[in-house]
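Here are some short exercises to work through at your own pace. Try each task first, then follow the solution step by step.

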Amino acid sequence: MAVARPTFIDEVRQSEQFNAAACMNCGVCTAICPMGLEHLPREIFRYVVLGMEEEVLKEQETVFSCLLCKLCEENCPAGVHITENVRSLRHYFDRKAFRI
Amino acid sequence: MNRRKIGVYVCHCGGNISDYVDVEKVVDAVKDEEDVVVARTAMFTCSDATQQEIYDDIRELGLDGLVVASCSPKLHTFTFRGVAKRAGLNPFQYTQVNVREQCSWAHTDDRQGATEKALRLVRAGIARTRLLRPLEPTVVETVPKTLVIGAGIAGLRAAIGLADIGLSVVVVEREAEVGGWVKDFGPMYPRDKEGRELVRQLEAKVRQRENIALFTSAEVVRKAGSFGDYVVDIKTHGKSSMTMQIHVGSIIVATGFDSYQPEEGEYGYGIDGVVTLPEYKKMLDAAEGSLEYHGRPVKDVAYIYCVGSRQGDDGPHQYCSRFCCSAAVHSALELYTRDPSARQFHLYRDMRTYGRYELMYRESREKGSTYLKFAEDEPPAVRKGADGRLVVTIRDQLTGQKEVEIPADLVVLVTGMVPRENDALVGALKLPVGRDGFFNEIHPKLRPVETVVDGVTICGACQFPKNASESVASGLAAVTQSAAMLKQGRAELDPQVASVDPQLCTDCGVCYATCPYDAISPQEGHEGRRVAVIDPATCKGCGGCAPVCPERAINLEGYTQAQIKAMIEGLAREVV
């Protein structure tokens, strides 16, 4: 059982632009992704807002596979800043996993 | 006996009837019946062309009886009464025979059987029509005064509306103060006007108007009389307890709702820190800055939706309460204004922030509220954690079905609306209550505030869960209906009511208890005897009393003992 840690999102958030919680889980982003990324962005963002850090750390490969092409962001009906949020996640991995 | 002149019209209904019933054969079989002077089929009897044809027949052939065999009387009774009236035939000398819902649609596999049944039904209709006599509506004078029961936001607004139309109003409120639920509310969507301020304004307007009398700590204990002149007993409580009697032409019921009270242990209710939506709203409205509960700071709040609503097929509350998703999201936004760093988790089954409330839902997500979806058969669980904080467990449908534990300082059960316990009032008014316990309207779309009791309308959340603006809108609809009835000064009631033959009545008393409208009462003085008398203005013509009378002294106009007998003979005759 995963325990929600609501303060985790503050560790990931790089800017005021970070708005993963605005997602309403419609799934347009997953359907449209040219890389066919399954967990990005929707599910990884869920892990972030719920503070499931272990789950986030498993997704290093996915987070760095994103092309930042913004196709999902252009089509997001909830106005989620997806690429900005992915950048925040990469910063988090830099600090946490690569210690840079 | 003079022969009658009856016209019979059998409808194809464009095939709805004629695909399964041989309508030509039915007409052939009845056209030579005694008293039938014309019998025709029509593609659509309700069409303008056929209405004109019936009109012409009535005038040219001097018809004194009309039989239309088509759809349910619920659809076109008033259409064909209108045709009769326009052509100079008394509208109560017409019979509607249902050969669609009760014949063609029910027997699509048996053309011969359906045709025979239709013929029998039409013969019964002719038999009834033979014995119909012209009737005139009962006319009653109306008292230009309305009783409003309940001084919540809907009742107060309705009272002001009626007063401004020029009617006198009596408002009766059970509580010591007016304003119902709204009087305790802080800022309300969308303009953040406080509920208490809204009520203050409404109350001031009520008190300014000389034609409104307001009684608080008061209850309606009895209703007698009939539409246009109801006699109502009002009892006041407190220091000056008294009962008074008033006459009113109409009644508006605006008695509101109760909030669902969870059972002990339901989603952890009873554990310190698990509160209902009204309890939470009270805390929020009282808080200046960030929230505290029993002296402890509240940082993490978990909301559990649909508590006491949508309880599956077995629960007493199977309906959606409609307002609660929006109310909970609004509360979350209220908490953000006091404490932007509060962390809020919403555990829901389906979000139903309809209309513009969707914008609040979006705003709450943008401000960081996290939404988790649970399945109906796997609701979240609440328990006290080792550290003394609350823990909510949910299998989140939006995160790959993962089980998640959410630590919380406060758990808010988003409770729905339930009907108010009001047995005494329901008994006094004789108002029908639906299976869900709320008051019932006649027709949800076309007659949304009228009830089966003439002159009694319902509005606000005593009808079904409504928010404040919907309650007020229905209150004003009730005003329109009430005023439309009373401003004419007189009302026409259906004359198809029951009456007692005093020669036959033995005052055995059996019929008194059968009347659901209290229309039958004993009266002294018929040749020195006491007999049952039915008030034609109160009687709704339901016919419940007629069959119980051992003397057959009661006849329902339009369905007399003789007519029922004749109809049975018409139904039972050989078809051949």
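**Exercise 1. How many helices and strands does chain A have?**

Keep in mind that this is a predicted model.
- Step 1: Count the elements by type: chain A holds seven helices and one strand.
- Step 2: Put them in order. Read from the N terminus, chain A goes β-α-α-α-α-α-α-α.
- Step 3: Turn to overall form. The radius of gyration of chain A is 13 Å, close to the 13 Å that the globule rule gives for 100 residues, so chain A is as compact as a globular protein of that length.
- Step 4: Add the dimensions. The C-alpha trace of chain A spans about 30 × 30 × 25 Å along its principal axes.

**Exercise 2. Work out how much of chain A is buried and how its contacts are spread along the sequence.**

- Step 1: Call a residue buried if 20 or more other C-beta atoms lie within 10 Å of its own.
- Step 2: By that cut-off, 37% of the 100 residues in chain A are buried.
- Step 3: Now take the contacts in chain A between residues at least 6 apart in sequence; 72% of them join residues at least 24 apart.

**Exercise 3. Describe the contact between the two chains, starting from the side of chain A.**

- Step 1: Count both sides: 14 residues come from chain A and 16 residues from chain B.
- Step 2: Find the elements involved. On the side of chain A that touches chain B, strand 1 (2-3) and helix 3 (42-50) each supply at least two residues.
- Step 3: Look for the largest share: helix 3 of chain A gives four residues.
- Step 4: Sort this side of chain A by class, which yields 10 nonpolar, two polar and two charged residues.
- Step 5: Check the strands. Strand 1 of chain A runs parallel to strand 24 (residues 402-408) of chain B, and two bridges join them.
- Step 6: Name a pair: Ala2(A) has Val404(B) in strand 24 of chain B as its bridge partner.

**Exercise 4. Lay out the domains of chain B, then judge the confidence of the prediction.**

- Step 1: List the assignment for chain B: domain 1 (6-135), domain 2 (145-256 + 420-491), domain 3 (261-413) and domain 4 (495-556).
- Step 2: Take a distance. The centres of domain 1 of chain B and domain 2 of chain B, over C-alpha atoms, are 43 Å apart.
- Step 3: Read the confidence of chain B: its mean pLDDT is 95, with 100% of its residues at 70 or more.
- Step 4: Finish with the complex, for which the predictor gives an ipTM of 0.89 and a pTM of 0.81.

Definitions and conventions:
Residues numbered from 1 in each chain as written. Chains lettered and ligands numbered in written order. Predicted model: local features only at pLDDT ≥ 70, side-chain atom pairs only at ≥ 80, totals over all residues. pLDDT = per-residue confidence, 0-100. Domains from an automatic or database assignment. Contact = placed C-beta atoms within 7 Å. Nonpolar A, V, L, I, M, F, W, Y, C, P; charged D, E, K, R; others polar. Pairing = 2+ DSSP bridges. Rg over C-alpha atoms; globule rule 2.2 N^0.38 Å. Buried ≥ 20, exposed ≤ 12 C-beta atoms within 10 Å, placed from the backbone.
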